[in-house]
Every structure is written in structure tokens, then in C-alpha cells.
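User: I'm new to reading protein models and would like a close look at one small spot, then a walk outward from there. Could you keep it friendly and go step by step?

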Amino acid sequence: MTDEGNVMITERVHAIWRRELGRDDVAVDDDFFALGGQSVIMARIQRSLIVELGVEVPVDQLFRNPTVASISAYIESSRAATG
Amino acid sequence: MILPGKRVPLPAVPVVHRRFEAHAADTPDATAVHCAGQRLSYRDLNARANQFAHLLVERGHGRGAKVGVCLDYSADMLVAILGTLKAGAAYVPLDPAYPAARLRLLLGQIPQLAAIVAAPATVELVECANAPVIDLAQMSDQLAAMPVVDPDVPVTGEDLCYAVFTSGSTGTPKLTAVRHENWFNLLNWLTFEFGLHRESHNLVVSAFGFDLSQRSLMMPLFCGATQYLMASRNFDAAMAYRMLTEHDIRTVNCASSTLYVLVDWEIASGGNALTRLDYMLFGGEPLHVERVLEWARAEGNTCTLLHQYGVAECADVATSYDLADYRSDEHDVAPVGRPGYNTDIHILDEQLRGVRTGKPGEICIAGRSVGAGYLNGSGPESARFTTIQVHGAPVRIYRTGDRGYVTETGQLIVLGRMDTQVKVRGMRIDPHEIERALGRLAGVRQAAVVVSPDGSGDCELTAFLVPTGDPLADNDVRARLLETLPRNMVPARFRTIARLPLTPHGKVDRAALLDELRTGVPAR
């Protein structure tokens with residue numbers, strides 16, 4: 001795991017969130033639900049993560065990590081764990 | 001206008017778990033439930049449910065008792081549900097995905113709450129209640145020592161089987177109860193009308209607290225098939241689609257908004273897990289038929305799409321329509337079809353007189369679907385259960401508050417609500433309840449919640465807030481609301497406003513607020 005890799009994942013996740021939430025004012029520490037996110041948007045984010053990053057993130061993990069920063073860290077660590 | 005359902009006799013004792021017990025006797029080795037790699041046969045599920053029932057009876061939680069079930073989807077959830085029914089009690093589903101404050105509120109609304117079933121993952125959520133908590137993990141030794149035979153409890157069709165919460169106009173959720181005969185009638189209709197059988201394996205994709213989830217949970221056990229459950233607290237489209245791909249699942253029950261998500265997933269991934277299903281049963285909110293029609297009509301799609309209508313107060317489903325019959329040149333909206341067995345639809349005017357074919361009126365439900373009513377108090381909603389005279393005989397009806405009409409060909413069309421209630425992603429919501437929750441937040445003087453179409457044609461909630469002092473930050477209000485309300489009840493948008501516009505009668509002028517949303521020009 002490198003800082004550089006993490007930054008790249010964060011940027012791509014950030015772009016997915018902005019697109020699916022339909023707003024530009026998303027900070028990496030903003031809560032998904034406080035931004036007006038809901039389950040249908042969550043499903044689209046899950047789909048985008050599969051297509052664009054090649055990872056299937058369980059929705060329960062998306063709920064437990066409801067910010068760009070925390071879900072990016074989760075993706076990075078699960079990638080490191082599975083090699 | 002009366003649209004009658006087919007008359008089909010029910011057994012003398014229409015009790016839902018008797019059907020399950022008959023399958024446990026006939027095909028004991030068949031798989032009853034499959035969840036996260038764990039499988040239980042009909043024999044084992046029946047034995048464990050019996051042990052749980054004996055424990056409840058021993059503790060005095062038998063006929064007439066209410067048992068809260070706060071569990072994640074698991075084989076244990078079916079043990080708790082079936083065990084509760086076998087003891088003669090009714091269960092109340094409590095979704096562990098709800099905020100703890102919401103669960104506390106709901107628990108306080110359950111009369112004769114005898115016990116709450118929980119697991120290590122949920123026990124913390126319900127400890128606050130003034131009823132004993134049965135932690136299945138902690139109780140495993142006592143349960144294992146209980147008899148495995150069917151308990152001898154004389155349950156009748158009149159006994160309550162479950163009660164679910166729906167949003168209430170007074171700010172308190174209403175707990176609406178269903179009797180065994182209501183539920184049996186529904187499951188019997190679905191089984192025989194659509195030819196469900198021992199291979200009609202089902203996948204549950206809806207949240208536990210929904211009325212439709214109760215039907216989805218019991219449907220395969222009623223026809224002797226396997227129930228597939230996802231080990232996920234929240235709807236997980238990727239997991240659902242993978243399970244549909246990997247297992248021989250034949251039926252899915254869901255809200256229309258979930259149908260779109262699954263269909264979009266199938267189209268995006270190029271799979272065929274949905275098209276090879278036998279049935280998708282969906283409804284619970286207005287259908288945007290154009291979002292699924294192309295997929296539904298594609299070559300090779302053998303899945304029958306049943307567009308259904310009903311209310312929690314009347315065992316969830318009252319009518320059904322095969323979407324293959326839909327012709328867009330006949331109707332703008334897809335009909336919801338004809339009533340189920342022993343269920344009648346009446347279209348009535350304000351004086352509760354029948355209107356003619358083709359004329360709109362209030363959709364009222366009569367027959368064996370009509371449930372037992374609300375368990376928590378007599379709010380204004382209770383008057384919706386009433387009696388009318390039909391050809392000189394009294395008929396008990398439930399006034400749904402939905403507007404609709406019956407076509408010349410005998411199909412029911414739903415037009416919308418007669419009040420401000422709304423469905424958001426399948427969940428029935430009264431905006432007044434959200435307004436009350438907003439009004440309780442510090443910094444909010446007054447609130448009004450309105451419903452408007454979002455970009456994709458679904459419903460969206462907008463809250464107009466009058467602050468007591470400083471302007472309110474949207475994200476802060478949302479975060480505080482999420483502590484007390486389920487996510488579907490939290491508005492998508494917030495607008496701060498100096499004062500709420502009023503109608504000449506002094507009521508909040510919702511039309512003016514909607515105009516402001518549409519035009520961007522502040523209401524007066």
C-alpha cells in the first residue's frame with residue numbers, strides 16, 4: 001500500500017460520489033446521508049466502484065464508512081489484504 | 001363500483017404455520033432456509049421453531065402476546081417468527097438498520113409487548129425496552145433443552161400473526177395488525193393463482209420492517225420451497241444479483257424502486273438472472289413502466305412481472321396485474337389489475353356510495369384481506385376501518401385514502417393519494433410525521449414537508465424550515481434527523497424560509513411551496 005495509491009483511490013471515489021450525488025460541494029469527510037444520499041444512489045455508487053475500480057464493496061461497508069475518506073481507506077485496505 | 005375477487009374456500013382453521021408444518025412432515029429433508037452458507041432443512045427449522053415456541057409458552061408469552069423481533073436476516077429470524085406464531089403470539093418486525101431512537105419510539109408503541117428477540121449484533125438496540133430481551137445466543141442451551149415437537153396451542157384464523165408500523169399523521173407511527181386468516185388468504189391466493197410449488201425458491205431483497213417483507217418471508221415456506229436470505233443489514237444490489245445468478249431462485253418480491261435497481265444492474269452487467277426468474281412481484285409505489293418495459297419485452301425474458309397493489313392494513317396485497325398485458329395506447333399508467341381471492345375492491349365517493357365504472361373515487365378494500373386494525377390507540381386513522389351497506393347487508397371495509405377507478409375491462413387503476421401521504425422507495429410516509437420530528441429539533445421554529453418529483457420521476461421530499469434564530473445548516477439538520485428517523489423519511493432537500501405561506505384558511509400553503517420549488521421564486 002502506498003500513499004500515492006491511496007490518493008488515487010480517494011480521487012476516483014470522490015469523483016464517483018460527486019457524479020452520483022449530483023453535486024460538486026462534496027468534501028472527503030462529508031457524511032453520505034447528510035449530503036442527501038439514499039439507498040438507490042448507494043446502489044449506483046456500488047456499481048460504479050465495480051466498473052471503475054474493479055472492487056465489489058458490500059453495502060453494509062458503504063453504510064459503515066459513509067465518507068469518501070473512510071470508504072477509500074476501506075477499499076485500499078481490502079485490496080492490500082487480498083493482494 | 002365493486003370489483004369482486006374470486007371466492008375460494010379456506011380451510012376451517014386458516015393458520016399460516018400449519019402449512020409450514022405440513023411441509024416439514026412431507027418433505028423434512030428439503031432446504032427451508034439458506035443464508036450466508038448456512039442451510040436448515042424443513043425438519044431442523046421446524047424443530048428449532050418448536051423449541052422457541054415452547055420457551056415462549058413456558059414464560060407465559062403465548063396466545064395474544066406480542067413479540068418484537070429485532071434480528072438481521074438469518075435462519076434465526078425464521079426460527080423466531082415461526083416460533084412466535086406457533087406459541088399463538090404475533091410478531092412485530094423491528095429493523096436493526098433503524099436508528100436506536102426510532103426503535104425506542106416503536107417499542108413504546110407495542111401494547112402487550114411480552115418479549116423482544118435479539119442476537120448479539122442487535123441486543124444493544126433494544127435493551128432500553130420495558131420487556132425482557134431474549135438473546136438467542138445466550139439462550140441457546142435452554143432452547144436446546146426444549147421439546148422439538150409441535151406445541152399444542154389452539155391457534156385460530158382470528159388470532160393475530162404479525163403487526164407492522166406505518167407512518168401516522170399525528171406524528172406517531174401506527175401499528176397495524178394482521179390476522180392469520182388475512183395472511184393465509186393472501187399466501188393461498190399467490191400460491192394457487194400463480195402455481196407456486198416446492199421449487200419456487202425466493203430471495204428476500206426488502207427491509208425487514210416493510211409489510212411486503214412479511215409476505216416475502218413466508219411465501220416460500222407456505223409452498224414448501226427454499227427461502228434465500230442475504231446476510232446484509234442493508235439492501236445490497238451486488239450481493240442480491242450474485243445470489244440470483246448462483247442459486248436456483250424463482251421469485252422476488254420488491255418495491256418498484258428496487259425493481260429498477262435490479263433491472264439496471266442486469267442491463268449494466270449483461271446477465272440474465274432476472275429474466276430467467278418465474279415471477280417478480282412488485283409495487284408499493286407508482287410504477288414508471290417505461291423504466292422496465294424494454295427489458296421486460298426483450299427476447300428470452302421469461303419472467304412474469306406482477307404489478308401489485310395493496311396496503312399494510314389489509315395483508316399487504318389486494319390486486320395483481322400481469323405487466324405482459326400492458327398496452328401504452330390504452331393507459332398512461334400500468335393498471336394494478338384484479339383483486340385476489342376473497343377480496344373485493346369498492347370505488348366509493350365521499351358519502352361512501354359506489355361510483356360508476358370509469359369514474360374515480362376512493363379505493364376501499366373488503367373481504368378476508370381486511371386486517372384487525374391498529375393496536376396503538378384510536379387516532380384519526382382508525383376511522384378508516386368502517387362498515388357500509390351493500391345490497392342491505394353490512395360489509396366491513398378499509399378506506400385506503402388512495403384514489404382510483406376501474407376500467408371497462410375490469411382493471412383497477414390507482415391515481416394517487418387523497419391526502420398528503422406519499423411513498424418513498426416503497427415506504428409509506430406521512431409528511432406530518434417528518435414535520436413533527438423537525439419541529440422537535442433545537443433551532444427549528446416551524447417546518448413543512450412537501451413532495452415533488454425528482455429528476456428520475458420518483459418522489460422526493462423537501463423540508464421548508466423556519467429557524468428560531470440563526471440560519472440552519474442543511475447537513476446538520478439532516479444528521480440530527482437521521483438519529484431519529486429511518487433514512488427514507490429524511491428529506492432530500494432543505495430550504496430555510498422566513499415564514500411559511502398560509503392559505504386563506506390558515507393552513508400551510510403547500511401548493512405555494514411547491515411553486516417555489518418549481519420556479520425558484522420565493523413564496524410570498
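Is Ala36(B) buried or exposed, and how many other C-beta atoms lie within 10 Å of it?

Analyst: Happy to help, and one thing to keep in mind from the start: this is a predicted model. Ala36(B) is exposed, because there are 12 other C-beta atoms within 10 Å, and a residue counts as exposed at 12 or fewer. You'll find Ala36(B) in the loop that runs between β2 (31–35) and β3 (38–41) of chain B. There's a quirk in its backbone too: the phi of Ala36(B) is positive, near 50°, even though the residue isn't a glycine.

For a contrast, look at Asn342(B). This residue also has a positive phi without being a glycine, here about 55°, and it also sits in a loop, the one between β16 (338–339) and β17 (343–348) of chain B. But Asn342(B) has 22 other C-beta atoms within 10 Å, so it is buried.

Now zoom out to the domains. Chain B splits into domain 1 (1–31 + 180–419), domain 2 (36–156) and domain 3 (430–519). Taken over C-alpha atoms, the centres of domain 1 and domain 2 of chain B are 26 Å apart. Where these two touch, domain 1 of chain B brings 29 residues and domain 2 of chain B brings 24. On the domain 1 side, α1 (16–26), α8 (211–223) and β11 (227–229) of chain B each put in at least two residues. The largest share of that side comes from α1(B), with six residues. Sort that side of domain 1 of chain B by type and you get 15 nonpolar, eleven polar and three charged residues.

What about the inside? The largest nonpolar core has 156 residues, and the ones touching the most other members are Val69(B), Cys70(B), Val117(B) and Met280(B). Domain 1 and domain 2 of chain B both give residues to this core, so it lies between them. Pick Val117(B) to see how that packing looks up close: beyond its neighbours within four places in sequence, its contacts include Val67(B), Val69(B), Cys70(B), Ala80(B), Ile134(B) and Leu136(B). A second core, separate and made of 26 residues, has Ala448(B), Val449(B), Val477(B) and Leu513(B) among its members.

Next, a helix worth following is α7(B). It has 14 residues (180–193), so at 1.5 Å a residue it should span 20 Å, and the 19 Å between its end C-alpha atoms agrees with that. Eleven of those 14 residues are buried, so α7(B) is largely enclosed by the rest of the structure. Among the buried ones are His180(B), Trp183(B), Phe184(B), Leu187(B) and Trp189(B). They pack against α1, β8 (160–166), β9 (174–179) and α8 of chain B. After α7(B) comes Gly195(B), with a positive phi near 65°.

Then there's the meeting of the two chains. Here 20 residues of chain B are in contact with 16 residues of chain A. On the chain B side, α9 (237–246), α10 (256–269) and α13 (474–482) each supply at least two residues. That side of chain B is made up of ten nonpolar, four polar and six charged residues. Stay with α10(B) for a moment: its buried residues include Leu259(B), Tyr260(B), Val261(B), Leu262(B) and Trp265(B). Part of what covers them comes from chain A, namely α2 (39–53), and α9, β12 (251–255) and β13 (279–283) of chain B help too. Just past α10(B), Gly270(B) has a positive phi of about 70°.

Over in chain A, helix α4 (residues 68–82) shows a nice pattern. Its buried residues are Val68(A), Ile71(A), Ser72(A), Ile75(A) and Glu76(A). Looking down the axis of α4(A), these fall within an arc of 140°, so they line one face of the helix. Ser77(A), Ala80(A) and Ala81(A) are exposed on the other side of α4(A).

Last stop: Thr387(B), in strand β20 (residues 385–390) of chain B. Because it has 11 C-beta neighbours inside 10 Å, Thr387(B) counts as exposed. Leaving out residues up to four places away in sequence, Thr387(B) touches Pro394(B), Val395(B) and Arg396(B).

Terms used
Residues are numbered from 1 along each chain as its sequence is written. Chains are lettered from A and ligands numbered from 1 in the order in which they are written. This is a predicted model: local features need pLDDT of at least 70, side-chain atom pairs count only at pLDDT 80 or more; totals for chains, interfaces and linings use all residues. Domain bounds come from an automatic or database domain assignment. Two residues are in contact if their C-beta atoms, placed from the backbone, lie within 7 Å. Helices (H or I, at least four residues) and strands (E, at least two) are DSSP runs, numbered from the N terminus. Ala, Val, Leu, Ile, Met, Phe, Trp, Tyr, Cys and Pro count as nonpolar, Asp, Glu, Lys and Arg as charged, and the others, Gly among them, as polar. A nonpolar core is a set of buried Ala, Val, Leu, Ile, Met, Phe, Trp, Tyr and Cys residues joined through C-beta atoms within 7 Å. A residue is buried if 20 or more other C-beta atoms lie within 10 Å of its own, exposed if 12 or fewer, and partly exposed in between; C-beta atoms are placed from the backbone. The arc is that of the directions from the helix axis to the C-beta atoms. The expected span of a helix is 1.5 Å times one less than its number of residues.
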